[in-house]
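Biologist: I would like a close look at a single part of this model. Please take one residue as the starting point and work outwards from there.

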Amino acid sequence: SLCAGGIPVARGRWLGKSEAMGLCWCSQVDDGPKRGVIMPANDIHLNLEIKGCGTAEDVMRFVFDDIEMPKPGKSHMRVNGVCTSLLYGEILPEGIIKAMDLLGADNATSLLDVGSGRGTLAFFTFLCFPQITQITGVEISEARFNLCTRAMKRIPCAEVSKNHVDINLTPEPEKPDRTRRLSFFKQNVMKMLDHVEKLSPDIVIFDVEINFGSDELIGFLKALKPGCRVLSYEDLGAWWSKSLSANASIGPFPFAQFGIGNTYATSWAPNSGYKFMAWRKKS
């Protein structure tokens, strides 16, 4: 079949198109999902009008293939006055799908990715989980954020500046209130608490080592709304307990752990996976 403009869609239906953006949304509906390695059950493809409608895998390859993160490992450095560890690995698409299933992406509308790197997790989520209408990545490292801006410049509708990237899309022109937004910021997320509260994320990916000041991280975690689900690289509960022993006024840890023992495919552990920890903010 064909979607608007004569672009071929393999057994799909047209959800919407913006001529200015040069993008087309389509959803396979006839034969069910073609999951493969990285295709989620609710597969949405973003067409760059270069390779036909394609798959999410095609789009990810086109946007990111020659924009590589540094070699695996980590280095400690000071960025914008914050001592931080820069992790050079990423959660792989199959790991993202597994994490989103656990974190209840079907019931989420906003996601915050802290330590977004070159933007693969946020962008893949934008492609494959259309119910999440606001996705925000925050990266403190200028070098890694520059990789993100290089990749996003390949998206025709992306508005790219030195410290900020915005992609706005209306999948169904007759429903402008359903606009989806993907944003990236080069910033210390601990300096964005007002913005975090406005975003009101349902899901937070905290793929960073904890080297922030105690007061900053406590403020960040307290700013998240009840019911928010967090996937963390480190054990936030153990960190909170240590902080509590030094300052009883912070109160009990406001999250409950779930999905204990789950592993998620990463670039540094593609087969065995890494045991990220999942948390839900208590009411």
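Which residues does Met152 touch, not counting residues up to four places away in sequence?

Modeller: The model is predicted. Leaving out residues up to four places away in sequence, Met152 touches Val63, Phe64, Phe123, Ala158, Val160, Val165, Ile167 and Phe184. Two of these partners, Phe123 and Ile167, appear again in the largest nonpolar core, which has 46 residues: together with Met152 and Leu231 they touch the most other members. The elements that give two or more residues to this core are α1 (56-64), α2 (93-103), α3 (120-128), α4 (142-152), β11 (164-169), β12 (180-186) and β13 (203-206). Of these, α3 gives the most, with seven residues. Apart from this core lies another, of 27 residues, which includes Phe185, Val230, Ile250 and Phe253. As a general tendency, nonpolar side chains in soluble globular proteins are buried together.

Met152 belongs to α4, whose buried residues are Arg144, Phe145, Leu147, Cys148, Thr149, Ala151 and Met152. At the N-terminal end of α4, Ser141 acts as the cap, with a side-chain oxygen 3.4 Å from the backbone nitrogen of Ala143.

The sheet comes next. It is open, with nine strands in the order β10-β11-β12-β9-β8-β13-β14-β16-β15, and its pairing is mixed. β10 (159-160) and β15 are the edge strands, each pairing on one side only. Strands β8 (residues 110-114) and β9 (residues 134-139) run parallel and are joined by five bridges; Val114 stands opposite Val138 in β9. Helix α3 packs on the sheet, where α3 touches β8, β9, β11, β12 and β13, and the direction of α3 makes about 175 degrees with that of β12. Helix α4 also packs on the sheet, touching β9, β10, β11 and β12, with its direction at about 145 degrees to that of β12.

Towards the other edge, β16 (residues 277-281) has antiparallel pairings with two strands. With β14 (residues 229-232), β16 pairs over four bridges, and Val230 stands opposite Trp279. With β15 (residues 255-258), β16 again pairs over four bridges, and Ala256 stands opposite Arg280.

Helix α3 also packs against other helices. α1 and α3 pack at about 145 degrees with their axes 11 Å apart, in a right-handed crossing. Ala56, Val59, Met60, Val63 and Phe64 of α1 make this contact with Thr120, Phe123, Phe124, Leu127 and Cys128 of α3. Val63, Phe64 and Phe123 are thus named both here and among the partners of Met152. The axes of α2 and α3 come within 10 Å and cross at roughly 65 degrees; this crossing too is right-handed. On the α2 side the residues are Pro93, Ile96, Ile97 and Met100, which meet Leu121, Phe124 and Thr125 in α3.

Thr125 is a polar residue in helix α3. Thr125 counts as buried because its relative accessibility is 0%, where the cut-off for buried is under 20%. The side chain of Thr125 reaches the backbone oxygen of Leu121 at 2.8 Å. Leaving aside neighbours within four places in sequence, Thr125 is in contact with Ile96, Met100, Leu111, Ile132, Ile135 and Arg180.

Note on methods
Residues numbered from 1 in each chain as written. Predicted model: local features only at pLDDT ≥ 70, side-chain atom pairs only at ≥ 80, totals over all residues. Heavy atoms only, no water. Core = buried A, V, L, I, M, F, W, Y, C linked by side-chain atoms within 4.5 Å. Buried < 20%, exposed > 50% of the residue type's maximum accessible area, 1.4 Å probe, protein only. Contact = heavy atoms within 4.5 Å. Polar contact = N/O pair within 3.5 Å; in protein donor to acceptor, adjacent residues only side chain to side chain. Pairing = 2+ DSSP bridges. Axes fitted to C-alpha atoms, helices over the stretch in contact; angles between N-to-C directions. Left-handed = near helix turned anticlockwise from the far one by under 90°.
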